[in-house]
Amino acid sequence: KEANRLAELTGDIIELSRLQSLGGVADGEPVRIDEVVNSAVDANRVYAESAEIELVVNAKSRAWVKGDRGSLVTAVHNLVRNAIGYSSGPARVGVGVVAREGRVEISVTDQGVGIPAHELGRVFERFYRGDPARSRQTGGTGLGLSIVKHVVQNHRGEVRVWSHPGRGSTFTIKLNTIE
């Protein structure tokens, strides 16, 4: 178990270092956001079922962005995995995609424990854990949200979080679309 945790940590550190050195994806390729979201959700289906979490997905935007498909899948995957990990089943995690006015928004909403207001500004920091006891239960490396932040920044986008303790959280990625 510890060997797997160490391997996951090493992989996340390498991925974060790679993302930080990129500084952007100016030479990116056209990426269909609905496919990114569906790939990320599909990778989490077994985990969700085992936790008694229903995944509800609405990814019919037909939006395209310029960038790196693999990195975008990783970012959405991390958000979905966190939403499942911080929820107690039976519950729902919603993943939606909306395109409007040259932008696409990917939102991941859970019915989990939520994040206190004083911690919201820190959740994207490397290794930041709000509740160490809860973090041990959910696993992970403490780098997932930092990876999300760097992927989104490399795509010239933004990521935001809304949360209410006891009600859940919504993480939203906003990216510019291409025609």
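# Walking through the fold, from Ser71 outwards

Student: Ser71 caught my eye first. Which helix does Ser71 lie in?
Tutor: Keep in mind that this is a predicted model. Ser71 sits in helix 4.

Student: And is Ser71 buried or exposed?
Tutor: Anything under 20% relative accessible area counts as buried. Ser71 has a relative accessible area of 3%, so the label is buried.

Student: How far apart in space are Ser71 and His150, C-alpha to C-alpha?
Tutor: In sequence, 79 residues separate Ser71 and His150. His150 is among the buried residues of helix 6. The C-alpha to C-alpha distance between Ser71 and His150 is 9.5 Å.

Student: At what angle do the axes of helix 4 and helix 6 cross?
Tutor: Two packed helices are described by the angle between their axes and the distance between the axes. For helix 4 and helix 6, the axes come within 9 Å. Helix 4 passes helix 6 in a left-handed crossing. The crossing angle is roughly 145 degrees.

Student: Which residues of helix 6 make that contact with helix 4?
Tutor: On the helix 4 side, the contact uses Ser71, Leu72, Thr74, Ala75, Asn78, Leu79 and Asn82. Across from them, the residues of helix 6 are Gly144, Leu145, Ile147, Val148 and Val151.

Student: How many of the residues of helix 6 are buried?
Tutor: The buried set includes Leu145, Ile147, Val148 and His150. Helix 6 is mostly covered, and the count of buried residues is 9 of 11.

Student: Now the sheet. In what order do the strands of the open sheet run?
Tutor: The sheet has 5 strands, and their pairing is mixed. Strand 2 and strand 6 stand at the edges with a single partner strand each, so one side of each has no neighbour in the sheet. The twist averages 15 degrees from one strand to the next. The order is 2-4-5-7-6.

Student: What angle does the direction of helix 6 make with that of strand 7?
Tutor: Helix 6 packs on the sheet, where it touches strand 6 and strand 7. The angle between the directions of helix 6 and strand 7 is about 20 degrees.

Student: How many bridges join strand 6 to strand 7?
Tutor: Strands of a sheet pair through backbone hydrogen bonds, either parallel or antiparallel. Strand 6 and strand 7 run antiparallel. Arg160 has Thr172 as its bridge partner in strand 7, and Glu158 stands opposite Lys174. The number of bridges is 7.

Student: Which residue takes a positive phi in the hairpin of strand 6 and strand 7?
Tutor: There are 3 residues between the two strands of this hairpin. The phi in question is near 85 degrees, and the residue is Gly166.

Student: Which element gives the largest share of the largest nonpolar core?
Tutor: That core has 41 residues, and Ile33, Val37 and Ile173 have the most contacts inside it. Elements giving two or more residues to the core include helix 2, strand 2, helix 6 and strand 7. The largest share is 8 residues, and the element is helix 4.

Student: Within what arc do the buried residues of helix 2 fall?
Tutor: Those buried residues are Ile33, Asp34, Val36, Val37, Ala40 and Val41. They line one face of the helix, because, seen down its axis, they fall within an arc of 160 degrees.

Student: Leaving aside neighbours within four places in sequence, which residues is Val37 in contact with?
Tutor: Val37 is one of the residues with the most contacts inside the largest nonpolar core. Its contacts are Val57, Ala59, Val76, Val95, Val97 and Ile106.

Student: Any odd backbone spots? Which loop holds Pro90?
Tutor: The peptide bond from Gly89 to Pro90 is cis, with omega near 0 degrees. Pro90 belongs to the loop between helix 4 and strand 4.

Student: Is Glu52 buried or exposed?
Tutor: Glu52 has a positive phi of about 60 degrees although it is not a glycine. Glu52 is found in the loop between helix 3 and strand 2. Its relative accessibility is 52%, and over 50% counts as exposed.

Student: What is the relative accessible area of Glu101?
Tutor: Glu101 is found in the loop between strand 4 and strand 5. Its phi is positive too, near 50 degrees. Glu101 is exposed, with a relative accessible area of 79%.

Notes
Residues are numbered from 1 along each chain as its sequence is written. This is a predicted model: local features need pLDDT of at least 70, side-chain atom pairs count only at pLDDT 80 or more; totals for chains, interfaces and linings use all residues. Side-chain values use heavy atoms; hydrogens and water are left out. Two strands pair if DSSP finds at least two bridges between them. Helices (H or I, at least four residues) and strands (E, at least two) are DSSP runs, numbered from the N terminus. Buried means under 20% relative accessible area, exposed over 50%, partly exposed in between (1.4 Å probe, protein chains only). The arc is that of the directions from the helix axis to the C-beta atoms. A nonpolar core is a set of buried Ala, Val, Leu, Ile, Met, Phe, Trp, Tyr and Cys residues joined through side-chain atoms within 4.5 Å. Contact means heavy atoms within 4.5 Å. Axes are lines fitted to C-alpha atoms, for helices over the stretch in contact, and angles run from 0 to 180 degrees between N-to-C directions. A crossing is left-handed if the near helix is turned anticlockwise from the far one by less than a right angle, and right-handed if clockwise.
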